[in-house]
Amino acid sequence: MREPVTPAGPSPHPRGASVAAQPTVLHVTDLAYPAAGRRYCDEDIQLSTRLREDFTVALCHPLDAVRLMDGFDVVLVRNSGPVLHYRDEYEEFRAQAAARGTRVLNPLTGRGDMAGKRYLLDLTAAGYPVIPTVDRREHLDRLPPSPAYVVKPELGADSIGLRVVGPDELGGLALDGCLVQPRIDFRYEVSFYFVDRVFQYALNAPRPDRRWELAPYRPDAADVEFAQRFVDWNTLDHGIQRVDACRTQDGRLLLVELEDLNPYLSLDLLDGTTRDAFVTAVKRSVRSLLDAG
């Protein structure tokens, strides 16, 4: 009688017992999420392929992360889609990662979009160059006059739930869970990308009505200094951050969003040298998180 054959292939292992001495990375992504103007699947396939040069990598859907994460050294949250679509599961992931001491990149201590959009209130109050933001009807007079105002959910993403209203509509709005900003007449949007608080590259959207039609952008020192202020305010020593800003008609930059959870990177728009440098920085970030214990 023949002996039973054990199938070949990797088996689950405790965090730290790496296959072939390589650290293991659980790359969390929703490859099928229909993002407007972006292809999550292409970007994360490309990035995971490059990470596999230095790590043992597996991809999983965000709803599977809690069940799988104990088998990996690092959980890398990438294009996982707006968490408002699975808010309870996301909060469970955060709680379990904290309880188990899971290494997550980005660390779940971010003060930007990872924690909702109330940071816009904090930055407004502290005098940072940000689009003025309030969350109470009695504070509406703190906003500058504008022909239109933007009302957005504190926990929104991808413009879900965003409304544009006229000045005469503000008084009757129910603002529970929402923020209000003047609608800015801007020349263009620009995004600055950082790894471990170090600037990597910038892209801009020359047409205000086409957010994801991006082009390479060469920032000057003042531009980078503007973005660096927000990255430093966020106090995340590890991981990827994207600072989104708008250029006003008078030439100023104002913060639109500080994305520190799962910023889309537009890697396909980068030249080979810039993309290689970015991937190298991400690999270094993973290793620095491991070294930090």
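I started with Leu31, which I found in the loop between strand 1 (24–28) and helix 1 (40–51). Helices (H or I, at least four residues) and strands (E, at least two) are DSSP runs, numbered from the N terminus. The model is predicted: local features need pLDDT of at least 70, side-chain atom pairs count only at pLDDT 80 or more, and totals for chains, interfaces and linings use all residues. Residues are numbered from 1 along each chain as its sequence is written, and side-chain values use heavy atoms, with hydrogens and water left out.

Is Leu31 buried or exposed? Leu31 counts as partly exposed because its relative accessibility is 35%. I use buried for under 20% relative accessible area, exposed for over 50%, and partly exposed for in between (1.4 Å probe, protein chains only). Leu31 joins Ile45 and Leu59 in a nonpolar surface patch of about 220 Å². Patch members have over 30% relative accessible area and no salt bridge; like charges are joined within 9 Å, nonpolar side chains (Val, Leu, Ile, Met, Phe, Trp, Tyr) within 5 Å. A salt bridge is a side-chain nitrogen of Lys or Arg within 4 Å of a carboxyl oxygen of Asp or Glu. The areas come from the Shrake-Rupley method with a 1.4 Å probe; for residues, only the protein chains shown count as cover.

Next, the sheet. I traced four strands in an open sheet, in the order 2-1-3-4, with parallel pairing. Strand 2 (56–60) and strand 4 (104–105) are the edges, each pairing on one side only. Two strands pair if DSSP finds at least two bridges between them. Strand 3 and strand 4 share two bridges. One bridge partner I noted is Val104 in strand 4, for Val75. Just past there, a cis peptide bond joins Leu105 and Asn106, with omega about 5°.

Then I looked inside. The largest nonpolar core holds 25 residues, and Leu51, Tyr201, Leu265, Leu267, Phe278 and Val286 touch the most other members. Helix 7 gives the most to this core, with seven residues. A nonpolar core is a set of buried Ala, Val, Leu, Ile, Met, Phe, Trp, Tyr and Cys residues joined through side-chain atoms within 4.5 Å. Not counting residues up to four places away in sequence, Leu265 touches residues including Tyr193, Tyr201 and Phe278. Contact means heavy atoms within 4.5 Å.

Strand 8 came next. Nine of its ten residues are buried. Strand 8 runs antiparallel to strand 11 (residues 240–248), joined by nine bridges. Tyr193 stands opposite Arg242 there. Seven bridges join strand 8 to strand 9, also antiparallel. Phe194 stands opposite Phe199. The two strands form a hairpin with two residues between them, and Asp196 in the turn has a positive phi of about 50°. Arg197 also has a positive phi, about 70°, although it is not a glycine. Arg197 is partly exposed because its relative accessible area is 25%.

Last, Val231 in helix 6 (residues 221–234). Val231 counts as buried because its relative accessibility is 0%. Leaving aside neighbours within four places in sequence, I found Val231 in contact with Phe194, Arg197, Gln241 and Val243. Val231 and Arg242 are eleven residues apart in sequence and 8.5 Å apart in space, C-alpha to C-alpha. Thr235 sits in the loop between helix 6 and strand 11. Its phi is positive, near 60°.
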